[in-house]
Amino acid sequence: MTRRKELSATIEPFDSFWEGPDDVESGYKSFGLFYKDNYTRFFPKDHQANTLCVSCGPGYGVKVLTELGYKNVLGVDSFDSKIAYAKAKGLNCRTDYAFEVLAAAADESYDLIWVEQELNHLTRAEILEFLALCLHKLRRGGRLITFALNGANPITGAEALAQNFDHFNTFTEYTLRQVLDYTGFEGIEVFDLNLYVFYKNPFNYVGMAAARGLSLLFRACFMLYGKKNRLFGKKIAASCLRPQR
């Protein structure tokens, strides 16, 4: 394991996964459904694609990709205890640090970099450094998938920033696109992360309908103030590409 770059977040550092439930085992099912519903359309067509899962925790994302037939997937997380779960599942994960793994890789090493931790655990300067690293480590035409807390949500936006000492910022659709464009990515698509992925549960559809209704209300309210925000989910994600040129 390489020596770690000192990051500003120390209680919940960016290079580890903090989203999972206390019952780690149950997360393989719930996050599997969540990841497949939100991200599958962005995965490479080539199952030999060289893929890095950053802040993989117990390997929820690595398991999804492996089950879909991807052969060259590596997950990294800075907590040995989380990697132990992944290894017990036979997943290709190791204890290491996000910035160091990227810095050590040759330029144009990866077809896909999938970031499983919120960008909000990085300061603004660290976000720019991290995204620049990702850009140079992706092959031309390679894809980055990342996500963040949505500051535009009138209910959860302010609380998302305040409720965690290691949350340094929030994003909106505009600012997430802005920072990705600034660091050199193209083909940027920003979207709400759908939390209602348990389609066998009838209450899932109640939550989905309520969330959609609130989103329409929020959008109308924002328009009254001359704002064009369209995304009001609790979390937003982005898919973007390294330019071919």
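This briefing covers one helix pair and two pockets. The model is predicted. The largest pocket holds about 520 Å³ of space, and the second largest holds about 390 Å³. Helix H1 takes part in a packing with helix H2 and also gives the most residues to the lining of the second largest pocket.

**Helix pair H1 and H2**

- H1 (residues 24-39) packs against H2 (residues 60-67) at an angle of about 60°, and their axes are 9 Å apart.
- The angle of about 60° therefore makes H1 oblique to H2.
- H1 and H2 cross in a right-handed sense.
- From H1, the residues in contact are Val24, Gly27, Tyr28, Phe31, Gly32, Tyr35 and Lys36; from H2, they are Tyr60, Gly61, Lys63, Val64 and Glu67.
- By class, this contact of H1 with H2 has 6 nonpolar, 3 polar and 3 charged residues.

**Largest pocket**

- The volume is about 520 Å³, and of the 21 lining residues, Asp192, Tyr196, Ala211, Arg212 and Gly233 are the closest to the centre.
- Helix H8 (residues 202-224) supplies the largest share of this lining, with 8 residues.
- The lining of the largest pocket consists of 11 nonpolar, 6 polar and 4 charged residues.

**Second largest pocket**

- The volume is about 390 Å³, and of the 24 lining residues, Glu19, Glu118, Leu149, Lys234 and Lys235 are the closest to the centre.
- H1, strand S5 (138-149) and helix H6 (157-162) are the elements that give two or more residues to this lining.
- H1 gives the most, with 4 residues.
- The lining of the second largest pocket divides into 11 nonpolar, 6 polar and 7 charged residues.

Key:
Residues are numbered from 1 along each chain as its sequence is written. This is a predicted model: local features need pLDDT of at least 70, side-chain atom pairs count only at pLDDT 80 or more; totals for chains, interfaces and linings use all residues. Side-chain values use heavy atoms; hydrogens and water are left out. Axes are lines fitted to C-alpha atoms, for helices over the stretch in contact, and angles run from 0 to 180 degrees between N-to-C directions. Angles under 35 degrees count as roughly parallel, over 145 as roughly antiparallel, 65 to 115 as roughly perpendicular and the rest as oblique. A crossing is left-handed if the near helix is turned anticlockwise from the far one by less than a right angle, and right-handed if clockwise. Contact means heavy atoms within 4.5 Å. Ala, Val, Leu, Ile, Met, Phe, Trp, Tyr, Cys and Pro count as nonpolar, Asp, Glu, Lys and Arg as charged, and the others, Gly among them, as polar. On a 1 Å grid over the protein atoms alone, a cavity is a set of points where a 1.4 Å probe fits but cannot get out, and a pocket is an open set with protein on both sides within 12 Å along at least five of seven lines; lining residues have an atom within 4 Å of a point. Grid points are joined across faces, edges and corners, and a volume is the space filled by probe spheres set on the points.
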